[in-house]
Amino acid sequence: MQLRNVFVPALAALTAANFCHAEPSAAPATATNLPPPMNWTAGQDHQNMMEQLGIKTLRPGADGMNPKAANYQNTDEARANPYPNLPDPLTLNDGKRVTTPEMWWQQRRPEIVEDFDREVYGRVPKNAPKVTWEITSVTRTNNGAIPVITKQLTGHVDNSAYPLISVNIQLTLTTPANATGPVPVMLEFGFDFSRFLRGTNRFGGTNAFRRFPGFNGPNWQQLVLSNGWGYAIIVPTSYQADDGAGLTRGIIGLCNRGQPRKPDDWGALRAWAWGASRALDYFETDPAVDAKQVGIEGLSRYGKATLVTMAYDPRFAIALVGSSGEGGAKLSRRNWGELVENLTGTGEYHWMAGNFLKYGGPLTPGDLPVDAHELIALCAPRPVFISYGATSGSPGAEGTWVDQHGSFMATVAAEPVYRLLAKKGLEVHGNYLTAPMPPVNTALTNGDLAWRQHDGGHTDAPNWPAFLQWADRYIHGPPPTK
Ligand code: GCU
């Protein structure tokens, strides 16, 4: 079965922009002097960005659903690499070769960050407001057999500069109650089903963090606990809607005082990653957490956000990147499954900087100054596990939309940077174009970059055991309770 846009309608319903809606009645009197937030549809906002960039038309994306469509996704390897020359992560913009770790840290890495900031994910504003964390409840329960303490937290974002938009980050943190010291924590970007489950209610209840159904055995939280670690779940849509209409609200809208983005302003992926960093700020203050050993994990659009988080915030110790596809671990230069042109359309452009639209219109993916292998390289020397399901061959396989091979290629192509920093990439023979992929259900976990495709679908649940086995080399909980 192909990965269809199964989550899109659900998310559209679940994450409508009004989480971060203006609350004029609650705002101080000065708010009446401020222009109200723009109330645009995604289409109107997208059009505005096209006009800012002087773009008249964009190429259509691939169709992942209808094999008869003229623009049906390509799955022919012979046509998959129209731009086979990747930007070299170890060549400076002036053509000089990067030969030492110092050159990487001081010269090349900042160049790559600048290109991702300006052209791909957008910049976090210098004036991004402070977040004040409040513990709203503490409960003692058991998860499986393990006694745990769960804190519900709200990150109140300072909106004094523009009180017409209020933003509150929703986070839960669960740690083993009997831990003998601060514990490592895996932080997940969580899908929020609360509004769906509870009609049109606003987020805020304890039932917001449901698991995907249909997975038997211990869930990832229980696996993590049995390692002596804790886990946390952040709700990205509590601070930035998953919708172009939401770009003048949430944390992006707050920073822009309700007005539209400029072309190099941040998109939702960068905003979601910013929130994860604010959660880590909180963990640094919580004695239950070993903040030097916090990992990040997410699936699909949140797999993209996971890789962006890991790339930009060096405090995160490890990452599990689930089925991130285009805009994540997949090379944008590939013609396979989802394309750059899908991400520049009205349904997904909000994930990216406005400037990214250029690569689906006047420019091509081959013109991108950076590609996914360099996003992975920005994580070096820290360990990153790239996870996918199978393209086919098993019931409920993930399909081709996410481009497993294009993501494998990017992971292989990130290796030289890991090697420069005295770490190991994937252990493969050949270069990124020729290296054979391991069979499904075979983990490549000898290096600091790791890879595994499980035989199931659009989930990373079956890869958690392999991830944790590999992660054991890096992350260590306190001694078990006597
Ligand atoms: C769609 C989209 C993907 C995305 C996925 C998801 O399939 O095309 O880019 O990763 O939704 O987040 O569920």
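Start at the ligand: select it together with its surroundings and you get 10 residues, the closest being S300, R301, K304, E338 and W401. Keep in mind as you click around that this is a predicted model.

Now show the side chains and look for the polar pairs. E338 puts a side-chain N or O atom 2.5 Å from an oxygen atom of the ligand. For K304, a polar side-chain atom sits 2.8 Å from a ligand oxygen. Then pick W401, where the distance from a side-chain N or O atom to an oxygen atom of the ligand is 2.9 Å.

Next, stay with K304 and colour helix α8, residues 301-312, along with helix α7, residues 268-283. How do these two helices pack? Their axes are 8 Å apart and make an angle of about 60°, so α7 and α8 count as oblique to each other. The crossing is right-handed. To see the contact itself, select L269, R270, W272, A273 and A276 on α7, then R301, Y302, K304, A305, V308, T309 and Y312 on α8. Colour that set by class and you'll find 8 nonpolar, 1 polar and 3 charged residues. R301 and K304 turn up here as well as among the residues closest to the ligand.

Two backbone stops are left. Go to the loop between α10 (372-377) and β8 (384-388), where you'll find P381. The peptide bond leading into P381 from A380 is cis, with omega near 5°.

Last, jump to the loop between α12 (415-420) and β9 (449-453) and pick A422. Check its phi: the value is near 65°, which is positive although the residue isn't glycine.

Terms used: Residues are numbered from 1 along each chain as its sequence is written. This is a predicted model: local features need pLDDT of at least 70, side-chain atom pairs count only at pLDDT 80 or more; totals for chains, interfaces and linings use all residues. Side-chain values use heavy atoms; hydrogens and water are left out. Axes are lines fitted to C-alpha atoms, for helices over the stretch in contact, and angles run from 0 to 180 degrees between N-to-C directions. Helices (H or I, at least four residues) and strands (E, at least two) are DSSP runs, numbered from the N terminus. Angles under 35 degrees count as roughly parallel, over 145 as roughly antiparallel, 65 to 115 as roughly perpendicular and the rest as oblique. A crossing is left-handed if the near helix is turned anticlockwise from the far one by less than a right angle, and right-handed if clockwise. Contact means heavy atoms within 4.5 Å. Ala, Val, Leu, Ile, Met, Phe, Trp, Tyr, Cys and Pro count as nonpolar, Asp, Glu, Lys and Arg as charged, and the others, Gly among them, as polar. A residue is near a molecule or strand if one of its heavy atoms lies within 4 Å of it. A polar contact is a pair of N or O atoms within 3.5 Å; within protein, one must be able to donate a hydrogen and the other to accept it, and residues adjacent in sequence count only if both atoms are side-chain atoms.
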